[in-house]
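Here is a short report on one predicted model. Start with a single buried residue, then move to the sheet.

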Amino acid sequence: MDRDQLIETVRALAAADPRVLALFLGGSLGQGLGDAYSDVDLIAVVEPAAHGAFTDAAHDWLSAGLDIVHWYRPHPALPLFGSVTVDWLRADLTVTVPGMVHGAKDRLKPLYDPASLFETLPDRLAPRAADPDKIEAMVREFLRILGLLHVAVGREEWAVSVTGTGMLRNHLIALMVEQLDLPNPPGALHLKRLLSPEDMDLVTSLPVAEANRDSIVSANFAYARIFLPRARALAERVGAAWPEAFEAATRARLRRDLGADWDGPALGVVR
């Protein structure tokens, strides 16, 4: 089975099920921006009275047409499922009801829509400002990971520190995406399409930590020098609280244990 056959198979499942009112194709394929590596994002709009039962049996419903070897629910509270077929095709399924389709005509493609629900959708979604609480939580977590640098150095846990540095990198990328005020959360594997060429150059040029002291410290400080000013500017724009005391405590601890913080030299610090 190829991807087009997968889409047609699920379309046929929807057309044969009286509970399904519409089936939309979302994600990059729904926007006409997909490539050979894009997954299939499916949105099944079902009768409200059938939503609970359909959601509970989503695996069985999709398995009636697809040979699924992996099934997962990323967010237990949401009717969103991910799957991988025996041919390693990726298909996500969201189950919703009329009036609750989170999308617009420029982001969705109708696959099965006898009631013309697609015509009730807006032409496009409005830009979404970053959530102040989310930004504050992101900054706090960044500072927490950064502050643990003194523990890693003290214990000489260089392998663990490489993982921590990767987490800081992920936070920086997430912050860059939040700055864009996108209507919908983007797919994780389409970074080049989202970020500006300047930000992409910045991300790709930042150091990847090696499992030794100087490399770990340098990489942590490099990420902090970029992340924190950007995060503060975004926090000010959206009205997010800034954890001043936590930042000061993190800076003080790193200065005490490492002899420097992210605004100082990253190498040659006190051992």
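Leu175 has 0% relative accessibility, so it counts as buried. Its place is in helix α7, residues 158–178. Beyond its neighbours within four places in sequence, Leu175 is in contact with Met138, Phe227, Arg230, Ala231 and Leu234. Take Met138: it lies 37 residues from Leu175 in sequence, and the C-alpha to C-alpha distance is 8.1 Å.

Now the sheet. It is open and has 6 strands, in the order β3-β4-β5-β2-β1-β6, with mixed pairing. The edges are β3 (68–72) and β6 (109–112); each has a single partner strand, so one side of each is left without a neighbour in the sheet. On average, neighbouring strands are turned by 25 degrees against each other, direction ignored.

Three of the pairings are set out below.

| Strands | Sense | Bridges | A bridge pair |
|---|---|---|---|
| β1 (residues 20–26) and β2 (residues 40–46) | antiparallel | 6 bridges | Phe24 and Ile43 in β2 |
| β2 and β5 | parallel | 6 bridges | Ala44 and Val95 in β5 |
| β4 (residues 80–85) and β5 | antiparallel | 5 bridges | Ser83 and Ala91 in β5 |

Strand β5 covers residues 90–96 and is mostly covered, with 5 of its 7 residues buried. In the sheet order, β5 stands between β4 and β2. β5 runs parallel to β2, whereas its pairing with β4 is antiparallel.

How many residues separate β4 and β5 in their hairpin? There are 4 residues between them. Trp88 sits in this turn and has a positive phi of about 60 degrees.

Key
Residues are numbered from 1 along each chain as its sequence is written. This is a predicted model: local features need pLDDT of at least 70, side-chain atom pairs count only at pLDDT 80 or more; totals for chains, interfaces and linings use all residues. Side-chain values use heavy atoms; hydrogens and water are left out. Two strands pair if DSSP finds at least two bridges between them. Helices (H or I, at least four residues) and strands (E, at least two) are DSSP runs, numbered from the N terminus. Axes are lines fitted to C-alpha atoms, for helices over the stretch in contact, and angles run from 0 to 180 degrees between N-to-C directions. Buried means under 20% relative accessible area, exposed over 50%, partly exposed in between (1.4 Å probe, protein chains only). Contact means heavy atoms within 4.5 Å.
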